[in-house]
Amino acid sequence: QVQLVESGGGLVQEGGSLRLSCVASGITFSRSTMGWYRQAPGKQRDLVADISRGGSINYADSVKGRFTISRDNAKGQVYLQMNSLKPDDTAVYYCNAVYYNGFIRYNYWGQGTQVTVSS
């Protein structure tokens, strides 16, 4: 059974920092592209950042220079360090895992963790 469990969300003032963590189980973590997405009320779920199994990283333009994604394959964890937080960063943040077994794509989500940035 695949599980992605996020932690580290909370309430922070504008300009503050938070570090999100996601622990993965039931998947071959080292073969997976891991990502963080977010969804604000009334909006679609959007990519924040992802990191491939080879270490290639993508960031949404809105978080470049403020957020850093990293992974620890030995621990099966992915992290999102969020600095200089803004009220617009308020959303539920979801951990995502994607991997391929041959031509079959597997896509998994965590339950989400709330991040609220007050002005």
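**Strand pairing, core and loop contacts in a predicted model**

Strand 7 and strand 8 run antiparallel and are joined by 6 bridges. The model is predicted. Within this pair, threonine 68 has glutamine 81 of strand 8 as its bridge partner. Both strands belong to an open sheet of 4 strands, ordered 1-3-8-7, with antiparallel pairing. Strand 1 (3–7) and strand 7 form the edges, each pairing on one side only. From one strand to the next, the twist averages 15°.

Strand 11 takes part in further pairings. Strand 2 (residues 10–13) runs parallel to strand 11, and 4 bridges join the two. Valine 12 has valine 117 as its bridge partner in strand 11. Strand 9 runs antiparallel to strand 11, with 3 bridges between them. Here alanine 91 stands opposite valine 115. Strands of a sheet pair through backbone hydrogen bonds, in either the parallel or the antiparallel sense.

The side chains of strand 11 alternate. Thr113, Val115 and Val117 point to one face and are buried. Gln114, Thr116 and Ser118 point to the other face and are not buried. Such alternation between the two faces of the sheet is what a regular strand shows.

The largest nonpolar core holds 29 residues. Met34, Trp36, Val78, Leu80, Met82 and Tyr93 touch the most other members. Two or more core residues come from each of strand 3 (18–25), strand 4 (33–39), strand 5 (46–51), strand 7 (67–72), strand 8 (77–82), strand 9 (91–101) and strand 11 (113–118). Strand 9 gives the largest share, 5 residues. In soluble globular proteins, nonpolar side chains tend to be buried together.

Methionine 82 illustrates the contacts of one of these core residues. Beyond its neighbours within four places in sequence, methionine 82 is in contact with Gly16, Ser17, Leu18, Leu20, Arg66, Phe67, Tyr93 and Val115. Among these, Tyr93 is also listed with the core members that touch the most others.

A single disulfide emerges from a search of the whole structure: 1 is found. Cysteine 22 and cysteine 95 form the bond, with their sulfur atoms 2.1 Å apart. The S-S torsion is about -80°, so this disulfide is left-handed. Cysteine 22 lies in strand 3 and cysteine 95 in strand 9, so the pair ties together parts that are 73 residues apart in sequence. Cysteine 22 is buried, at a relative accessible area of 0%. Cysteine 95 is likewise buried, at 0% relative accessibility.

Arginine 66 also contacts methionine 82. Arginine 66 sits in the loop between strand 6 (57–59) and strand 7. Its relative accessibility is 11%; because the cut-off for buried is under 20%, arginine 66 counts as buried. Apart from neighbours within four places in sequence, arginine 66 is in contact with Gln81, Met82, Asn83, Ser84, Leu85, Lys86 and Asp89. With serine 84, a polar atom of the arginine 66 side chain lies 2.9 Å from the backbone oxygen.

Serine 84 lies in the loop between strand 8 and strand 9. At a relative accessible area of 42%, serine 84 is partly exposed. Its phi is near 50°, a positive value in a residue other than glycine. Most residues other than glycine have a negative phi.

Aspartate 89 occupies the loop between strand 8 and strand 9. Its relative accessibility is 1%, and aspartate 89 counts as buried. The aspartate 89 side chain makes a polar contact of 2.9 Å with the side chain of arginine 38. Not counting residues up to four places away in sequence, aspartate 89 touches Arg38, Arg66, Phe67, Ser84, Val115 and Val117. Val115 and Val117 lie on the buried face of strand 11.

Serine 30 lies in another loop, between strand 3 and strand 4. Serine 30 is partly exposed, with a relative accessible area of 37%. Arg53, Arg71 and Asn73 are touched by serine 30, residues up to four places away in sequence not being counted. The C-alpha atoms of serine 30 and asparagine 101 are separated by 13 Å, and the two residues are 71 residues apart along the chain.

Conventions:
Residues are numbered from 1 along each chain as its sequence is written. This is a predicted model: local features need pLDDT of at least 70, side-chain atom pairs count only at pLDDT 80 or more; totals for chains, interfaces and linings use all residues. Side-chain values use heavy atoms; hydrogens and water are left out. A nonpolar core is a set of buried Ala, Val, Leu, Ile, Met, Phe, Trp, Tyr and Cys residues joined through side-chain atoms within 4.5 Å. Buried means under 20% relative accessible area, exposed over 50%, partly exposed in between (1.4 Å probe, protein chains only). Contact means heavy atoms within 4.5 Å. A polar contact is a pair of N or O atoms within 3.5 Å; within protein, one must be able to donate a hydrogen and the other to accept it, and residues adjacent in sequence count only if both atoms are side-chain atoms. A disulfide is a pair of cysteine sulfur atoms within 2.5 Å. Two strands pair if DSSP finds at least two bridges between them. Axes are lines fitted to C-alpha atoms, for helices over the stretch in contact, and angles run from 0 to 180 degrees between N-to-C directions.
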